[in-house]
Amino acid sequence: MSSVALAEELLLLAYDDESGRAIGSRIGLDLAMAAGVLVELALEGRIVYVDKTIIARDATPTGVAIVDEVLSRVAADSPHTPDSWLQRLRHGLRDRALADLCARGVLCDVDETTMNGFVHLHRYPTVDPTVEVEMRARLTRALTADEAPDVRTAALATLVAAARMEPTLGLSGDELVAAHKRLERIGDEAGFTGSVSMEASTVRPSVALVIGVLVKAIQTALGTPRTAS
């Protein structure tokens, strides 16, 4: 698997390179990151969706720390629904990913704590943009190319749409709406969501099933999007 977890890619997408601050819904990002780690585990054959719950099938570490920490939790705990796992995992996951990316020299932790330590403020500007540039290029190709993206990029695109993170792509107006539709279509065509049957999907049915239920869990948690009045 990639040395950069999907959850970390989602975090890099959501944080402004210069200001080091998150763009958009923090809850949406946290839910997407939690789902991203579970998707990673599904892609590696470590978890499955059985009887409306997510359980560990193989507790062998993947070699990526942030993913293996979640795998240990899933393996040690009783089965829970996708909705429950997202809520259990989203707290503290972002701080864990930020610390990891700072330790690897991708981001920098700028401590702006004020009032003698009573107000804790941190910014995380980008130091090494390589990872984010590659990830954004993959998403751009997925949005503009005719061929289907690889399964990892398709999963990333699907989570971006589910968590309503399209504004992090630097789009607005009609382009934003079009991007959302295209990202959703990528998920449909991969068999994660929509009308494509799992038999017709190019993704393993067990993986498509996990991603599909996680997308629904994110959408349920975020509720109905507000429409402009």
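Let me start with Arg 138, which counts as buried at 8% relative accessibility, and please keep in mind throughout that we are looking at a predicted model. The partner of Arg 138 is Glu 9, and the two side chains meet in a salt bridge with a distance of 2.7 Å from N to O. Glu 9 belongs to helix 1, residues 6-14, while Arg 138 belongs to helix 6, residues 130-144, so this contact ties together parts that lie 129 residues apart in sequence. Glu 9 is buried as well, with a relative accessible area of 2%.

As a general remark, side chains of opposite charge can pair when their charged atoms come close. How many salt bridges does the structure hold? The count is 13, and I will go through two others besides the one I opened with.

The next one joins Arg 94 and Asp 30, whose closest N and O atoms are 3.0 Å apart. Here again distant parts of the chain are linked, since Arg 94 sits in helix 5, residues 93-103, and Asp 30 in helix 2, residues 26-43, with their positions 64 residues apart in the sequence. As for burial, Arg 94 has a relative accessible area of 9% and is buried, and Asp 30, at 11% relative accessibility, also counts as buried.

Let me turn to Arg 104 and Asp 100, whose side chains form a salt bridge at 2.5 Å, N to O. Which of these side chains is buried, and which is partly exposed? Asp 100 is the buried one, with a relative accessible area of 18%, under the 20% limit for that class, whereas Arg 104, at 36% relative accessibility, counts as partly exposed. This pair also has company: through salt bridges that share partners, Glu 8, Asp 100 and Arg 104 are joined into one network.

Finally, the aromatic side chains. The structure holds one aromatic pair, made by the rings of Tyr 15 and Tyr 124, with centres 6.3 Å apart. Why is the pair classed as edge-to-face? The ring planes stand at 80°, and the class applies over 60 degrees, so the pair is edge-to-face. Tyr 15 lies in the loop between helix 1 and helix 2, and Tyr 124 in the loop between strand 4, residues 122-123, and helix 6, so that distant parts of the chain, 109 residues apart, are linked by this pair. Both tyrosines, Tyr 15 and Tyr 124, are buried.

Note on methods: Residues are numbered from 1 along each chain as its sequence is written. This is a predicted model: local features need pLDDT of at least 70, side-chain atom pairs count only at pLDDT 80 or more; totals for chains, interfaces and linings use all residues. Side-chain values use heavy atoms; hydrogens and water are left out. A salt bridge is a side-chain nitrogen of Lys or Arg within 4 Å of a carboxyl oxygen of Asp or Glu. Helices (H or I, at least four residues) and strands (E, at least two) are DSSP runs, numbered from the N terminus. Buried means under 20% relative accessible area, exposed over 50%, partly exposed in between (1.4 Å probe, protein chains only). Rings of Phe, Tyr and Trp (its six-membered ring) pair if their centres lie within 6.5 Å; planes under 30 degrees apart count as stacked, over 60 as edge-to-face and the rest as tilted.
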